[in-house]
Amino acid sequence: MASPAVAFETEKRNILAKIFRQLFIPLLGIITALIVGALIIFISGFSPLQAYGGLWKGSFGDLEAINGTLATATPYMFTALAVVFAFRAGLFNIGAEGQIKIGAISAAWVGINVGGLPSFLAIPLTLAGGCLGGALWGAIPGALKAWSGAHEVITTIMLNYIATFITSWLVGADGPMKAPARMSQSDQIGENARIGTIVAGQPLHWGLVIGVTMALTVWFILYKTPLGLEIRTVGANPSAARYAGINLKFILLATMAIAGMLAGMAGSLEVMSSPGFRYRYNAALGSGYGFDSIAIALLAKNNPLAVIAAVILFGALKQGASQMQFDTVAADGRQLPGDLILMIQALVILFVAADQVLRWLYRIKAQSGESVVLTRGWGKAD
Amino acid sequence: MRNFRKLGLLVAFITLLSVLLVACGDNTATPVPATTAAATKAATTVAGTTAAGKKLKVGLVTDVGRVNDKSFNESAWNGVLQAQKELGYDVKYVETTDTKDYAKNIKTFVDDKYDVIVTVGFLIGDATIEAAKANPTIKFIGVDQGQDAKNPIANLAGLIFDEDKAGFLIGALAAGVSKSGKLGAVLGTKSVPPVFKFGEGYKNGAAYLWANNPKLVKAGKAPEVTLTYHPDGDNAFSDPVWGSQQAAALISAGNDVLFGGGGNTGNGAVESAADKGIYAIGVDTDQYYTLPKAASRLISSATKLITPGVFGLLKAVGDGSFKGGNNVGPVGLAPFHDLEKDVPQELKDALTAIDKGLKDGSIKTNVVVS
């Protein structure tokens with residue numbers, strides 16, 4: 001009979017082993033991607049050493065770079081959670097782009113109009129405005145799915161377009177929210193509604209802390225609350241869920257609304273902080289976030305806690321790209337083309353997300369219960 | 001099972017091979033520097049010093065897009081490359097992929113102690129002004145960035161152009177050659193002042209020809225000008241599909257001259273117009289060379305001579321005559337190339353007279369930016 005001390009040691013070792021196994025495959029994926037990338041860079045006539053050196057310097061080389069990486073990662077934190085959360089209920093949320101835009105413009109509107117309120121009221125109000133906007137934009141496809149079976153992939157994509165055009169018009173040449181003498185941007189939100197940076201003069205702002213908190217909250221909701229259990233049950237088997245008495249329509253609606261809210265929060269924080277947009281709603285906000293977030297969600301294997309690591313990786317790739325281009329010069333003076341940099345980013349995502357390829361490549365056996373369901377059928381949720 | 005393994009290996013190999021081939025394809029599609037590789041080698045052996053005896057380091061930050069975008073970024077980069085070739089400067093570029101990265105990309109050059117930083121496009125203007133204020137020892141050249149005439153920043157030269165004058169000229173040309181009297185334009189977003197000026201200039205130039213030289217207007221009636229602007233957004237200048245759709249709509253409505261003014265969006269319209277055999281007019285650079293598919297129907301382009309403009313300012317930095325604030329660069333009509341015979345001599349004379357009038361101020365475009 002094992003003594004309690006030994007049993008505890010074994011338990012600890014098991015948890016460590018599990019964590020190690022979870023991290024090992026993604027790390028292997030990144031390394032494999034970098035090796036293939038290095039090959040491509042070399043064949044194109046550039047030095048992989050210069051390229052990766054530049055990538056590292058640009059993303060983690062000094063405090064400023066790290067600051068930039070985390071700042072770039074922050075909005076993705078929320079939008080990736082928006083995709084992950086919906087996925088738990090079996091829903092593909094392709095609408096992060098529309099949700100972030102609607103959230104951002106709602107927050108901008110509130111932020112511009114909060115006039116004389118003190119900061120501790122203005123900030124939550126502005127944030128809430130954005131959350132409400134995003135939640136609404138997420139609730140629409142949620143309701144359509146729940147009550148008519150309309151597939152959320154189609155509705156969310158279409159709503160992305162609608163959101164893009166509505167917001168473009170609002171701050172466009174003849175739009176009501178356009179700031180005078182500014183192209184496709186709104187007025188600045190009031191001083192009282194702005195979120196400060198963590199280190200003065202650097203782009204990283206407190207949104208990162210909110211982001212990490214949301215990741216933990218999402219994890220908590222999904223795994224430690226009855227609502228989360230219902231959501232996951234619906235995701236695993238909608239018919240069984242209904243048989244078990246779960247209100248399917250409510251869960252679908254609530255899940256999409258919460259997912260939209262998360263993306264909306266990303267939008268609010270983008271407007272409320274300084275990097276890039278200077279406290280205005282900018283028509284360029286959120287472009288491309290929808291699809292990038294899906295890639296990150298897959299990178300994180302739909303695990304809310306892993307999202308934190310995945311967005312940092314993604315942020316590093318984006319942040320380091322310009323230094324990579326600057327540092328990598330071929331013998332004849334050519335600089336590394338931007339398309340090759342994009343290719344490297346894509347390879348990383350490819351190898352980490354398609355872990356089945358890695359397992360086959362390196363002959364690693366999958367443990368039971370570690371597979372990820374990536375496809376879902378069409379049709380109504382029952 | 002063995003067969004599957006072999007098959008899997010083969011598939012993986014083919015996939016990897018195609019990825020590598022794409023990368024090799026990248027080589028031939030490499031931006032302009034590849035064609036001047038020989039020139040680069042020559043430049044490094046030529047005495048690369050300026051009048052001041054210093055080898056200047058020049059950096060270029062693009063607007064969202066690539067240095068081989070057949071438009072703005074490429075023209076500006078060509079000006080920088082010319083400085084490399086003729087003045088021996090050390091040059092490098094960084095391509096912007098996200099509007100949030102403007103400040104970061106400029107900083108990449110600031111950190112490496114570059115002497116001159118060229119930034120391209122109206123949108124990067126704010127970030128350029130901030131960087132110029134923070135780094136008074138570095139010279140900045142902002143392409144298409146109008147500066148506050150009352151408070152110029154000494155180390156920031158805004159290279160601007162009178163787009164309305166260029167638009168005026170092509171408007172007159174269009175009115176002169178159009179059989180149907182219907183002139184169309186597919187443009188980037190109205191919120192970018194240069195685009196707006198092109199569009200309004202086009203309209204006013206056509207009206208001018210009808211008012212002053214009605215006999216030269218082929219259609220024999222007042223020209224009808226339709227200006228189509230792209231909605232605001234990240235893709236306003238990179239939406240060629242929308243551009244060609246708008247062009248198709250304008251053509252079926254009877255327009256037989258199409259002016260494409262808006263980066264890749266306009267390019268889509270121009271190529272679509274050329275496809276359907278109507279007159280096309282390009283923008284910014286002589287697009288006869290940059291859009292070979294449309295070359296045969298490209299009667300002219302409203303050119304902002306960005307390359308000589310940038311080169312001129314870079315030379316000024318070297319010989320000490322650099323001045324901050326607004327620097328107006330030249331504009332003009334690109335040559336008629338294959339369609340020379342479609343432009344009667346009287347029309348050519350009229351256009352030359354209009355050009356002279358615009359330059360000396362006797363003819364006004366009457367374009368006001370709100």
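**Cores, domains and strands in a two-chain model**

A:Val311 touches A:Ala73, A:Tyr76, A:Met77, A:Ala80 and A:Ile296, leaving aside residues up to four places away in sequence. The model is a predicted one. A nonpolar core of 115 residues is the largest in it. A:Val311 is one of the residues that touch the most other members of this core. The others in that group are A:Ala80, A:Leu81, A:Leu262, A:Ile296 and A:Val307. Two of these, A:Ala80 and A:Ile296, are also contacts of A:Val311. Helix α10 of chain A, residues 248-272, gives the most to the core, with 16 residues. Both domain 1 (15-47 + 328-370) and domain 2 (69-325) of chain A supply residues to this core, so it lies between them. Another core lies apart from it and has 100 residues. Among the residues of this other core are B:Val143, B:Tyr229, B:Ala273 and B:Leu351.

The domain assignment divides chain A into two parts. Domain 1 takes in two segments, 15-47 and 328-370. Domain 2 spans 69-325. The C-alpha centres of domain 1 and domain 2 of chain A are 28 Å apart. Contact between them involves 10 residues of domain 1 of chain A and 7 residues of domain 2 of chain A. On the side of domain 1 of chain A that touches domain 2 of chain A, 6 residues are nonpolar and 4 are polar. That side has no charged residues.

Chain A contains 14 helices and 0 strands. Its pattern along the sequence is accordingly a run of α elements, α-α-α-α-α-α-α-α-α-α-α-α-α-α. The radius of gyration of chain A is 22 Å, close to the 21 Å that the globule rule gives for 382 residues, so chain A is as compact as a globular protein of that length. Along the principal axes, the C-alpha atoms of chain A fill a box of roughly 70 × 70 × 45 Å. Buried residues account for 53% of the 382 residues of chain A. Among contacts in chain A with a separation of 6 or more, 77% join residues 24 or more positions apart.

Chain B has 12 helices and 12 strands. Of its 370 residues, 56% are buried. In chain B, residues 24 or more positions apart make up 69% of the contacts with a separation of 6 or more.

Strand β1 of chain B covers residues 57-64. In this strand 7 of the 8 residues are buried, so β1 of chain B is largely enclosed by the rest of the structure. Strand β2 of chain B, residues 90-96, runs parallel to β1(B), and 6 bridges join the two. Within this pairing, B:Val61 has B:Val94 in β2(B) as its bridge partner.

B:Gly266 belongs to helix α9 of chain B, residues 263-275. B:Gly266 counts as buried because it has 34 C-beta neighbours inside 10 Å, against a cut-off of 20 or more. Beyond residues up to four places away in sequence, B:Gly266 touches B:Val186, B:Leu187, B:Gly188, B:Gly243, B:Gly260, B:Gly261 and B:Val283. B:Gly277 lies 11 residues from B:Gly266 along the chain, and the C-alpha atoms of the two are separated by 17 Å.

Definitions and conventions
Residues are numbered from 1 along each chain as its sequence is written. Chains are lettered from A and ligands numbered from 1 in the order in which they are written. This is a predicted model: local features need pLDDT of at least 70, side-chain atom pairs count only at pLDDT 80 or more; totals for chains, interfaces and linings use all residues. Domain bounds come from an automatic or database domain assignment. Ala, Val, Leu, Ile, Met, Phe, Trp, Tyr, Cys and Pro count as nonpolar, Asp, Glu, Lys and Arg as charged, and the others, Gly among them, as polar. Helices (H or I, at least four residues) and strands (E, at least two) are DSSP runs, numbered from the N terminus. The radius of gyration is taken over C-alpha atoms; the globule rule is 2.2 Å times the number of residues to the power 0.38. A residue is buried if 20 or more other C-beta atoms lie within 10 Å of its own, exposed if 12 or fewer, and partly exposed in between; C-beta atoms are placed from the backbone. A nonpolar core is a set of buried Ala, Val, Leu, Ile, Met, Phe, Trp, Tyr and Cys residues joined through C-beta atoms within 7 Å. Two strands pair if DSSP finds at least two bridges between them.
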